[in-house]
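Subject: Structure for your review

Dear colleague,

I am handing over the structure below, followed by notes on what was found in it. Please read the notes with the coordinates open beside them.

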Amino acid sequence: VSRRSTAGPPSERPGERRRAEMQKLYGKDAAKIMAMEAAMQLNFDRNCDLKQPKYWPVIPLKL
Amino acid sequence: MQRGWPLLGPLRWFRYVNKKVKVKARKDEEVRGWLFTVDPVSASMVLVDFRENGGVLVQVVMGHAVEEVQVLQEADRRTADHLQTMFLPPRTCILEP
Amino acid sequence: TSLSTSAASAADADELQSEQQARSLLREGFLRCLLSAANKKVQFHMYEKVKVEATFGACDIDVLNFQVSDLHTPIGVQKEALIRSQDVISFNFDI
């Protein structure tokens, strides 16, 4: 898979930067890791929307 | 040895995988188990302990709390294989009763 | 010379590739482990000698927060809660 490396125009697509970062970190497995992370984050966000959890403890233990 | 556990990086963390380790964590915690993985984002360690009743205890030590890591033992082939299939398949229980 | 420069950059590329591979394997294992914790009873060992039990829900990808249910705090049960990973020393569960 070749990524275009033209100098980023101002209208660079959102997500492109993260994709490039992930590519640098995870190489050829970047897409797989991103998919797993997306699923996990979606799960987290959905649970938070649904259940509206509050922080416990209210004040961090370790400041 | 390890003051800078979160700073070691993937290649050096990887050398601890499949080894039995003793981890000293903050506030006098000590955790022992087979190291399954280290999260490269948070440096958190996943340790696995096989119980006598066949159960498996999973312990996660947060990277920021790790103070010292000591290798106790290398895994034999069977233990290593068992370890690496531990969390596969990822989602056997999507449908909860 | 150009020969040694290219040899060096090939070695760099190899090194980068093995680092990426190690990072991927480690991260994938961690994500799988967290997925396997969903709906399990989890004990959290936190700072200030706080130990609490809860049912694990999910975690964000930066590992900053754990979303849990039925959190047994020292003063009662909180039905839905977020625990800051900074407050946590370790947590454990059975599979």
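In this predicted model, strand β2(B), which spans residues 29-38 of chain B, is mostly covered, since eight of its 10 residues count as buried. Strand β2(B) has a pairing partner in β1(B), residues 19-25, with which it runs antiparallel over six bridges, and within that pairing Lys22(B) stands opposite Arg32(B). The two strands make a hairpin with three residues between them, and in the turn Lys27(B) has a positive phi of about 60°.

Strand β2(B) also pairs with β3(B), residues 45-50, again in the antiparallel sense, here through four bridges; Trp34(B) has Val48(B) in β3(B) as its bridge partner. This hairpin has six residues between its strands, and Ala43(B) takes a positive phi near 65° in it. When you look at side-chain directions, it may help to keep in mind that side chains in a regular strand alternate between the two faces of the sheet.

The other part of the model that I looked at is the interface of chain C and chain A, where 33 residues of chain C are in contact with 28 residues of chain A. The two chains bury about 3000 Å² between them, and 63% of that area lies on carbon and sulfur atoms. On the side of chain C, Ile61(C), Leu82(C) and Arg84(C) lose the most area to chain A, and together they account for 21% of what that side buries.

As for polar interactions, 16 residue pairs are in polar contact between chain C and chain A, counting pairs in which both residues are at pLDDT 80 or more. The elements of chain C that each give two or more residues to the side touching chain A are α1 (2-37), β2 (51-59), β3 (65-73) and β4 (76-84), and the largest share, nine residues, comes from α1(C). By class, that side of chain C has 15 nonpolar, nine polar and nine charged residues. Two salt bridges are found across this interface, and Glu37(A) and Arg27(C) meet through their side chains in a salt bridge, with an N to O distance of 2.8 Å.

Strand pairing also links these two chains: β1 of chain A, residues 54-55, and β4(C) pair in the parallel sense over two bridges, with Lys54(A) standing opposite Ala81(C) in β4(C).

With best regards

Note on methods: Residues numbered from 1 in each chain as written. Chains lettered and ligands numbered in written order. Predicted model: local features only at pLDDT ≥ 70, side-chain atom pairs only at ≥ 80, totals over all residues. Heavy atoms only, no water. Contact = heavy atoms within 4.5 Å. Buried area = accessible area lost by both parts, 1.4 Å probe. Salt bridge = Lys/Arg side-chain N within 4 Å of Asp/Glu carboxyl O. Polar contact = N/O pair within 3.5 Å; in protein donor to acceptor, adjacent residues only side chain to side chain. Nonpolar A, V, L, I, M, F, W, Y, C, P; charged D, E, K, R; others polar. Pairing = 2+ DSSP bridges. Buried < 20%, exposed > 50% of the residue type's maximum accessible area, 1.4 Å probe, protein only.
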